[in-house]
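Grab your viewer and a notepad. Below are a few exercises on a ligand site, the empty space in a fold and some odd backbone geometry.

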Amino acid sequence: MLQALNTQFGVKDAVTFVENAHRFEQAVLTHVSGARLEVLLYGAHVTAWKSARGQELLFVSQESFFEPGRPIRGGIPICFPQFSNNGPLPAHGFARTCFWRVERSGMLPDDRPYLTLALTENVETLKLWPFRFRLALTVQLGEALDLILEAGNSGTTPFRFNTALHTYFQVADIRKTAVIGLDGTTFSDDLRQGAHTTEARPRIDFTGETDRVYLNAPDLVHLRDDGRRQVMTIEKTGMHDIVVWNPWSERAKRMEDLGDEEYRRMVCVETGNMKSAVTLAPGQAWRGTTRLTPA
Ligand code: TA6
């Protein structure tokens, strides 16, 4: 299988297919700047992203499961067609626990490698969600990482979905971490039964469990990691909401796939349509993008 993938989709010095330490097939993308990305076929899950400076930018828990059927704790899980437990499906939908197929790979005119993974309905997804669809993730790697998520309705009835790129950023210390650019935005607070409040703080610091969906959030926010003196610029298009999540100590202790202290080194700043569902008529398609630029 790996050999067939490399023959069909490998790109010299830029896209290679290998097994990871847990025997999952993954694509490794490399860019001339030194940036490096690992994407599993399982869940189209990005599990590692190194900057041109060689710094790992994503968090993956030491306690994460790497087992078919179980979600991975960290990296960039894709939530689809449900976000969280807001519906009858497994938490965050089924896309993150399905094996996707490679659709395309290559080099862009500016010499950035790209890869497209796709998921379409199968017997298992139809049991859970009776719709025909195509979901695709394209990753483009330069000094920034571009993530392009597309969903299409290939059936004969309309459907609604929610989706997210549930990105876990690695930070040096959550107490020296802040999200900038959400002031003035209304959020739904999961820790207060979804109560709506307007964010007053230009700089959102972390002092406890945080689980908020910022509704119709700005298309540009920053994540400051003052511990590592790094700033991540997060830009989105076609995606309405931003989730900010850190489980903090008590919740971390109750999670079997997160170490008790690991909450200190992660924060999720997620882009997607968590509350504002997308409706697609037969033949229609949706596209949302997120660009992550480290500095
Ligand atoms: O995005 C925040 C959230 O929905 C939280 O409520 C929290 O449960 C987290 O995602 C992780 O969900 P998971 O199903 O991966 O344990």
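Each exercise comes with a solution in steps.

**Ground rules.** The model is predicted, so local features need pLDDT of at least 70 and side-chain atom pairs pLDDT 80 or more, while totals for chains, interfaces and linings use all residues. Residues count from 1 along each chain as its sequence is written, and side-chain values use heavy atoms, with hydrogens and water left out.

**Exercise 1.** List the residues that surround the ligand and sort them by class.

*Solution.* Start with the cut-off: a residue is near a molecule if one of its heavy atoms lies within 4 Å of it. That gives Arg73, Phe83, Ser84, Ala91, His92, Arg96, His166, Asp211, Val243, Trp245, Arg251 and Glu270. Now sort, with Ala, Val, Leu, Ile, Met, Phe, Trp, Tyr, Cys and Pro as nonpolar, Asp, Glu, Lys and Arg as charged, and the others, Gly among them, as polar. The shell comes out as 4 nonpolar, 3 polar and 5 charged.

**Exercise 2.** Find polar side-chain contacts to ligand oxygen atoms, then work out how much of the ligand the protein buries.

*Solution.* Look for pairs of N or O atoms within 3.5 Å. Asp211 has a polar side-chain atom 2.6 Å from a ligand oxygen. For His166, an N or O atom of the side chain is 2.9 Å from an oxygen of the ligand, and for His92 the distance from a polar side-chain atom to a ligand oxygen is 3.1 Å. Next, areas: by Shrake-Rupley with a 1.4 Å probe, the ligand alone exposes 390 Å², and the protein buries 86% of that.

**Exercise 3.** Describe the largest pocket: what are its volume and lining?

*Solution.* On a 1 Å grid over the protein atoms alone, a pocket is an open set of points with protein on both sides within 12 Å along at least five of seven lines; a cavity is a set where a 1.4 Å probe fits but cannot get out; lining residues have an atom within 4 Å of a point. The largest pocket holds about 510 Å³. Its lining has 23 residues, with Ser84, His92, His166, Trp245 and Arg251 nearest the centre. Strand 16 (210-214), strand 19 (241-246) and strand 20 (266-280) each give two or more of them. By class, the lining splits into 10 nonpolar, 5 polar and 8 charged residues. The ligand sits in this pocket, meaning more than half of its atoms lie within 2 Å of the grid points.

**Exercise 4.** How many cavities of 30 Å³ or more turn up, and what lines the largest?

*Solution.* The search finds 1. The largest cavity's volume is about 100 Å³. Among its lining residues are Leu57, Phe169, Met232 and Pro294. Strand 18 gives the largest share, 3 residues. The class tally is 8 nonpolar, 2 polar and 2 charged.

**Exercise 5.** Which peptide bond is cis, and what is the phi of Ser84?

*Solution.* The cis bond joins Phe80 and Pro81, with omega about 0°. Ser84 has a positive phi, near 55°. Pro81 is in the loop between strand 5 (78-79) and strand 6 (101-107), and Ser84 is in the loop between strand 5 and strand 6 too. Strands here are DSSP runs (E, at least two residues), numbered from the N terminus.

Conventions
Polar contact = N/O pair within 3.5 Å; in protein donor to acceptor, adjacent residues only side chain to side chain. Points joined across faces, edges and corners; volume = space filled by probe spheres on them. Helix = DSSP H or I, 4+ residues; strand = E, 2+ residues; numbered from the N terminus.
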